[in-house]
Every structure is written in C-alpha cells, then in structure tokens.
Amino acid sequence: QVPLVESGGGLVQAGDSLRLSCVWSGRAFNSFAITWFRRAPGQEREIVAAIGTTDGNTYYTNPVKGRFTISRDNAKSTVYLQMNSLKSEDTAKYYCAAGATLGAGAHWGQGTQVTVSS
C-alpha cells in the first residue's frame, strides 16, 4: 500500500490555479517533513517546495516563489500545494515525499499530472 496519495492535478490554462493534496495514510505524520517534487518530460526531477514537521519551516525553489504556497494540516495528515499564476513551464508530474528533513524522500506517492496550456 502506497503511504502517500497525491490528488488535485489536471489540465488548466496559463494563469489559472490548482491545489494539490498529499495525504499520508500511515502513522506519525507529524514526524515527517513533506516535500513536493516534479518531473517534466525529458528533465530531471526537481524540488518544488517543502515543509517541516511542526516548526513551519518552508522551502521553495526560485521559479515558484511568490506563486506557490505549501501548507500542512496535521489533523488531516495532509499537505497542500496551492499553485497560482500557473505557467506552461509548470507542466510536470508532481510527487510528494515524506522524510526526516526537507527534501528527503523515504516514502513516495505515485504522482499527479499537472498540465498548463499556454
């Protein structure tokens, strides 16, 4: 059973918004930092955003700063990625991963596709 399940992807136009969700089905969600990665066709996987456990520490890659917001609801074992002002270059498959630190990926979801048409 995959411990992380992503949802919320889809096909949108440039300038639109999407909210991705990453739900953890295991225990001790509070102990994991959660990172969103993405991989576009023909490109390397890259970190998009990450959030710490309970300290509110966050990280964003430069191309998404000011447009994307990561947040977590520990009561729902869920991390969200609010994506505004989407651009065609945001098109990719988005994955969430849980780990001990920001950027760590001990557990992975299966991904959700985001396609932005220009």
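# Exercises on an all-strand chain

Ser 21 has Tyr 80 as its bridge partner in S8. The model in which this pairing is found is a predicted one, and the exercises below start from this pair of residues before they turn to the chain as a whole.

**Exercise 1.** Find out which strands pair with S8, in which sense they run, and how many bridges join them.

*Solution.* Begin with the strand that holds Ser 21, which is S3, residues 18–24, and note that 6 bridges join S3 to S8 in an antiparallel arrangement. Next, turn to S7, which also pairs with S8 in the antiparallel sense, over 6 bridges. Within this second pairing, Phe 68 is the residue that stands opposite Met 83 of S8. S7 and S8 form a hairpin with 4 residues between the strands, and there Ser 77 takes a positive phi near 50°. Finally, look at how S8 itself is covered: the strand comprises residues 78–83, and 5 of its 6 residues are buried.

**Exercise 2.** Decide whether Arg 67 is buried or exposed, and say which residues it touches.

*Solution.* First locate the residue, which lies in the loop between strand S6 (58–60) and strand S7 (68–73). Then consider its relative accessibility, which is 9%; since buried means under 20%, Arg 67 counts as buried. As a last step, list its contacts, leaving aside residues up to four places away in sequence: Arg 67 touches Gln 82, Met 83, Asn 84, Ser 85, Leu 86, Lys 87 and Asp 90.

**Exercise 3.** Describe the backbone and the exposure of Ser 85, and then find Ala 28 and give its phi.

*Solution.* Ser 85, one of the residues that Arg 67 touches, is placed in the loop between S8 and S9. Although Ser 85 is not a glycine, its phi is positive, at about 50°. Its relative accessible area is 40%, so Ser 85 is partly exposed. Ala 28 belongs to another loop, the one between S3 and strand S4 (33–39), and its phi is near 55°, again a positive value in a residue other than glycine.

**Exercise 4.** Sort the residues of S11 by face, covered or uncovered, and identify the strands that pair with S11.

*Solution.* Start with the faces of S11, residues 112–117: Thr 112, Val 114 and Val 116 make up the covered face, while Gln 113, Thr 115 and Ser 117 make up the uncovered one. Now take the parallel neighbour, strand S2 (residues 10–13), which is joined to S11 by 4 bridges, with Val 12 opposite Val 116. The antiparallel neighbour is strand S9 (residues 92–99), which pairs with S11 over 3 bridges, and here Lys 93 has Gln 113 as its bridge partner.

**Exercise 5.** Work out how the radius of gyration of the chain stands against that of a compact globule, and then summarise the chain as a whole.

*Solution.* The chain has 118 residues, for which a compact globule would have a radius of gyration near 13 Å, and the chain's own 13 Å therefore agrees. Its C-alpha trace spans about 40 × 30 × 25 Å along the principal axes. As for secondary structure, there are 0 helices and 11 strands. Of the 118 residues, 41% count as buried. Among contacts with a separation of 6 or more, 54% are between residues 24 or more positions apart. The accessible surface is about 6000 Å², with 46% of it belonging to carbon and sulfur atoms. To finish, consider the charges: the mean positions of the 11 positive and the 8 negative ones are 4 Å apart.

Key:
Residues numbered from 1 in each chain as written. Predicted model: local features only at pLDDT ≥ 70, side-chain atom pairs only at ≥ 80, totals over all residues. Heavy atoms only, no water. Helix = DSSP H or I, 4+ residues; strand = E, 2+ residues; numbered from the N terminus. Buried < 20%, exposed > 50% of the residue type's maximum accessible area, 1.4 Å probe, protein only. Contact = heavy atoms within 4.5 Å. Pairing = 2+ DSSP bridges. Rg over C-alpha atoms; globule rule 2.2 N^0.38 Å. Areas by Shrake-Rupley, 256 points an atom, 1.4 Å probe, with all protein chains shown as cover. Lys, Arg positive; Asp, Glu negative; His and termini not counted. Charge placed at Lys NZ, Arg CZ, Asp CG, Glu CD.
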